[in-house]
Amino acid sequence: MARIWRVSVTKHPRIVALVIGSLLVGSTAIAQTNYQPAPENLQARREFQDAKFGMFIHWGVYSVLGAGEWVFHDHTLTLDEYNRLPLFFDPEKFDAKAWVALAKAAGMKYITITSRHHDGFAMFDSKVSDWNIVQRTPYKKDPLKMLAEECHRQGIKLFFYYSQLDWHNPNYYPRGATSWNNGRPDSGDWNSYLDDYMDGQLRELLTNYGPIGGIWFDGMWDKPDADWHLPKTYALIHQLQPAALIIPNHHQTPRPGEDVQTFERDLPGQNTAGFNTTTISTQLPLESCDTLNGSWGFNISDAKYKSPAELERKLVQAAGNNSNLLLNIGPQPNGEIQQEFSTRLLAVGDWLSKYGDSIYGTRGGPIAPGDWGVTTQKDNKIYVHVLSWRAPLLALPPIPSKVVKANSLLDAEAVEFTQNGDGIIVKVPPSNGEETDRVIVLTLANSH
């Protein structure tokens, strides 16, 4: 992930200024200019929007040090030092079946996992380079192969995160805003890095693991004014798997050839994180990604776990902003998922078993999100999610359709309401003090 954005400005003012400046320079770059999505791609977009909730997994050899996925950079390690790390990575307790089962029990419909992060280390059996889990670790196996097979068995879509940024490959040159003197030569073949190395690995991911949901790109913000050969790379992906979605985490306005707009640690358009674009696509599915604690990769000292109620609110707010929520966990180096993660995910899954109708398959509702909550909509039903409101009556703005019935989602009890040209007033069911969300279902006339 773009951890550079979360680094203190006072600690790294040069890097932050350089990256932000580069973003402004590179915002007009062109991608797959004549891209026309295939019918199966458009169907995949709709299915993606319906899914609403996914599991993000940051896992790699950096997990061994228990200091997050940016440890190579943050500890200013050299290549020689970092090259020793795979020797200690032996995830003997990795269980693909358990990982996928947890995602399903949490109510998640897809998984996005790091096939490689900014350290360039491939977590799959790559023939492009021996800098991978099969050839460099005592584990000697391909966990992504096992995960892909299990996802297919359990009916979960699998997306591969792929970092375009690479701190290890000498051909990632000229280097970008996050570079440091780690022992790489001051030369390299940028075109070869993109056309042979990166596209070669993407070809492997798109041909050796069955149908996948798509490729989730990250790291272009390191050199946003560079020529990333996006038309060629995007065309390769869409040629090999037309239904696969391209999801770029570049923090810019979507470009031709891209299929989803994602926002890092943010709801669409809000830019509370300070680096996301405020532009929201009206054509593409939207996604918001965030962490269950404070870190992406395994961090042994991070105990800032979000409560189930906080996670449920994030999911509701994302859905009310017409977005999916991609929620991250960082498994331990032995392959186990921490109990602190699994217990919270199971609690969210239990909540979704009761409230899922107001989330899955919905789109952002006709009433703009407010301090009180959000709305979602599916067919002729508007779901009013009351997240923060203590008064007995809630006034909502006018909507073009006539409301014929209102009821509580949880117990189907009728809810009193009035509707006129000035809007809708609903009588909010009293809170029991423990509810994350009180959902009122407004049924509209002329159902379809």
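This passage describes a sheet, a loop residue, two nonpolar cores and a cavity in a predicted model.

The sheet considered here is open and consists of five strands. Their order is E9-E10-E11-E16-E13, and the pairing is antiparallel. Strand E9 (363–364) and strand E13 (403–408) are found at the edges; each has a single partner strand, so one side of each is left without a neighbour in the sheet. Within the sheet, strand E10 covers residues 373–378 and strand E11 covers residues 381–386. These two strands run antiparallel and are joined by six bridges. In one of the pairings, glycine 373 has valine 386 of E11 as its bridge partner.

Serine 281 belongs to the loop that lies between strand E6 (261–264) and strand E7 (286–291). The relative accessible area of serine 281 is 15%. Residues under 20% are classed as buried, and serine 281 is therefore buried. From its side chain, serine 281 reaches the backbone nitrogen of leucine 284 at a distance of 3.0 Å. When neighbours within four places in sequence are left aside, the contacts of serine 281 are Pro254, Gln261 and Leu286.

In soluble globular proteins, nonpolar side chains tend to be buried together. In the present model, the largest nonpolar core holds 91 residues. The members that touch the most others in this core are Met55, Tyr82, Ile111, Phe160, Ile215 and Leu345. Helix H8, made up of residues 190–207, gives the most to the core, with eight residues. The surroundings of methionine 55 were also listed. With residues up to four places away in sequence not counted, methionine 55 touches Leu102, Ala103, Met108, Tyr110, Ile111 and Thr112, and also Leu326, Leu327, Ile329 and Leu345. Another core, of 17 residues, lies apart from the largest one. Its residues include Ile367, Val384, Ala406 and Leu442. Of these, Val384 falls within strand E11 (residues 381–386), and Ala406 falls within the edge strand E13 (403–408).

The search for enclosed space gave one cavity of 30 Å³ or more. The space in the largest cavity is about 30 Å³. Its lining is formed by Gln164, Phe217, Asp218, Met220, Tyr234, Pro248, Asn249 and His250. Strand E4 (214–218) and strand E5 (245–249) are the elements that give two or more residues to this lining. Phe217 and Asp218 lie in strand E4, while Pro248 and Asn249 lie in strand E5.

Terms used:
Residues numbered from 1 in each chain as written. Predicted model: local features only at pLDDT ≥ 70, side-chain atom pairs only at ≥ 80, totals over all residues. Heavy atoms only, no water. Pairing = 2+ DSSP bridges. Helix = DSSP H or I, 4+ residues; strand = E, 2+ residues; numbered from the N terminus. Buried < 20%, exposed > 50% of the residue type's maximum accessible area, 1.4 Å probe, protein only. Polar contact = N/O pair within 3.5 Å; in protein donor to acceptor, adjacent residues only side chain to side chain. Contact = heavy atoms within 4.5 Å. Core = buried A, V, L, I, M, F, W, Y, C linked by side-chain atoms within 4.5 Å. 1 Å grid on protein atoms, 1.4 Å probe; cavity = no way out; pocket = protein on both sides within 12 Å on 5 of 7 lines; lining within 4 Å. Points joined across faces, edges and corners; volume = space filled by probe spheres on them.
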